[in-house]
Amino acid sequence: MTTQLRNIGELVTNDPEWGGRYGIITDAAVEYDEGVITWVGTEMQARVRRADQVVDVEGRAVIPAFVDSHTHLIFAGDRSAEFESRMKGTAYAAGGINSTVLATREASDEELRELVEARVEEMHNQGTGTVEIKTGYGLTVDHEARLARIAREFAEDVTFLGGHVVPPEFADDSDAYVDLVCGAMLDAVAPFAKWIDVFAEEGAFTVAQSRRILEAGMMAGLRPRIHAAQLGPSDSVRMAVSMGATSIDHGTFLSDSDIDLLANSDAVVTLLPGAEFSTKQPYPDARRLIDAGVQIAIATNCNPGSSYTTSMAFCIALAVREMGLTTAEALWAATAGGAKALDRDDVGTIRVGAQAKLVELNAPSHVHLAYRPGVNLVRRMTF
Ligand code: NIG
């Protein structure tokens, strides 16, 4: 059944065919059939087309659904006390991850499934149409495998993050834990995962250990991405780019030479401003990245420690207010940029052949996403 959305005041397509990078069409219409976009054009052109169903959007804005390319959605437990203490000045440290590991190991499969389902629904209701989910709160062979298996029920893009932190039982021998991640744990998780990731940071894994984990994952057919330069400058950025990582995530402390390297690579830098908000760290200078020619994405990083938000619109507002982006740049990063960070061409853009994941905003333009922070402007979704 073909459906036409008509009388769209502003359609953000992210398709340069319509002019500029963002392909914004005013007085637009779009048509879809069985979940796939079949036509995009102006309201005038739409008037002579036939469709089984016509929906009048009454001048509101329509955007591509958000692509949330970095989340840690599968966990149990609560770390609000840690957040409270950070707001009073305590620094964020990688070690807090282990408290979520304990709570997650105690949860049953059914409890975890319900928790993920609720979080995915919360995201959907705020306009997110595609979500990546990482493991990383199990850290044993069996727990990581079950997290990946459950995550796969909700997401096409599942990332193996056994290299999230060294669990307490390996506190005295992190290399032995890396052996496990690269061996039995990888074997158990790989059938459910598309990506291999590692937290290369002080308090987590060294650059050499991170390289081993990425190499092992790639040998098992997974594609590399990395948590890098979140808490301080790191050689892990150069290492990951040299290994062909699709996305460098966080990038809060990138050096000039990192930026040069990234600008001349295919890697996307996935910025996670919810983490800077919740850890009181400085925000990365996204303006500098864009001006240097680096491709960026924005994602929520939804997790119980450093960024417990499911709202892409909140992250857009932070990127505009704190990171020097225009609203159009931030929206692109949260849609087409997220798709690039997952190497997907079927989402994040409104063009013929792409998935019909469209969001009607309760607003006349995309600028309201940053102009009205904290307000869920999603009026209707087509997915
Ligand atoms: O991306 N940096 C590593 N992982 C998460 C934090 C996870 C946690 O604190 O539980 C992040 O910020």
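1. An oxygen atom of the ligand lies 3.0 Å from an N or O atom in the side chain of Asn 301. The protein covers 100% of the 330 Å² of accessible area that the ligand has on its own. These values, like the others in this note, come from a predicted model.

2. Two further contacts of this kind deserve attention. The side chain of His 250 has an N or O atom 2.8 Å from an oxygen atom of the ligand. In the case of Gln 230, an N or O atom of the side chain is 2.7 Å from a nitrogen atom of the ligand. The student may find it helpful to locate Asn 301, His 250 and Gln 230 together in the structure.

3. Which residues around the ligand are the closest? They are Arg 79, Tyr 92, Tyr 137, Gln 230 and Ser 306, and the ligand is surrounded by 15 residues in total. Gln 230 is thus named among the closest residues and also supplies the side-chain atom 2.7 Å from a ligand nitrogen atom. By class, the shell around the ligand consists of 4 nonpolar, 10 polar and 1 charged residues.

4. Where does the ligand sit? The space that the ligand takes is the largest cavity. This cavity has a volume of about 80 Å³. Its lining comprises 14 residues, and those nearest its centre are His 72, Tyr 92, His 164, Asn 303 and Ser 306. Tyr 92 and Ser 306 are named here and are also among the residues closest to the ligand. The lining of the largest cavity divides into 4 nonpolar, 9 polar and 1 charged residues.

5. How many cavities of 30 Å³ or more are counted? The count is 2. The second largest cavity has a volume of about 40 Å³. Among the residues that line the second largest cavity are Pro 64, Ala 65, Val 67, Asp 346 and Gln 355. Its lining contains 4 nonpolar, 4 polar and 2 charged residues.

6. The largest pocket should be considered separately. It holds about 190 Å³ of space. Two elements, α4 (109–124) and β7 (128–134), each give two or more residues to its lining. The greatest contribution to this lining is from β7, with 4 residues.

7. The lining of the largest pocket has 14 residues, of which Gly 129, Thr 130, Val 131, Phe 154 and Lys 357 lie nearest its centre. Thr 130 and Lys 357 appear in this group and in the lining of the second largest cavity as well. By class, the lining of the largest pocket is made up of 6 nonpolar, 4 polar and 4 charged residues.

Note on methods:
Residues numbered from 1 in each chain as written. Predicted model: local features only at pLDDT ≥ 70, side-chain atom pairs only at ≥ 80, totals over all residues. Heavy atoms only, no water. 1 Å grid on protein atoms, 1.4 Å probe; cavity = no way out; pocket = protein on both sides within 12 Å on 5 of 7 lines; lining within 4 Å. Points joined across faces, edges and corners; volume = space filled by probe spheres on them. Nonpolar A, V, L, I, M, F, W, Y, C, P; charged D, E, K, R; others polar. Near = heavy atom within 4 Å. Polar contact = N/O pair within 3.5 Å; in protein donor to acceptor, adjacent residues only side chain to side chain. Areas by Shrake-Rupley, 256 points an atom, 1.4 Å probe, with all protein chains shown as cover. Sits in = over half its atoms within 2 Å of the grid points.
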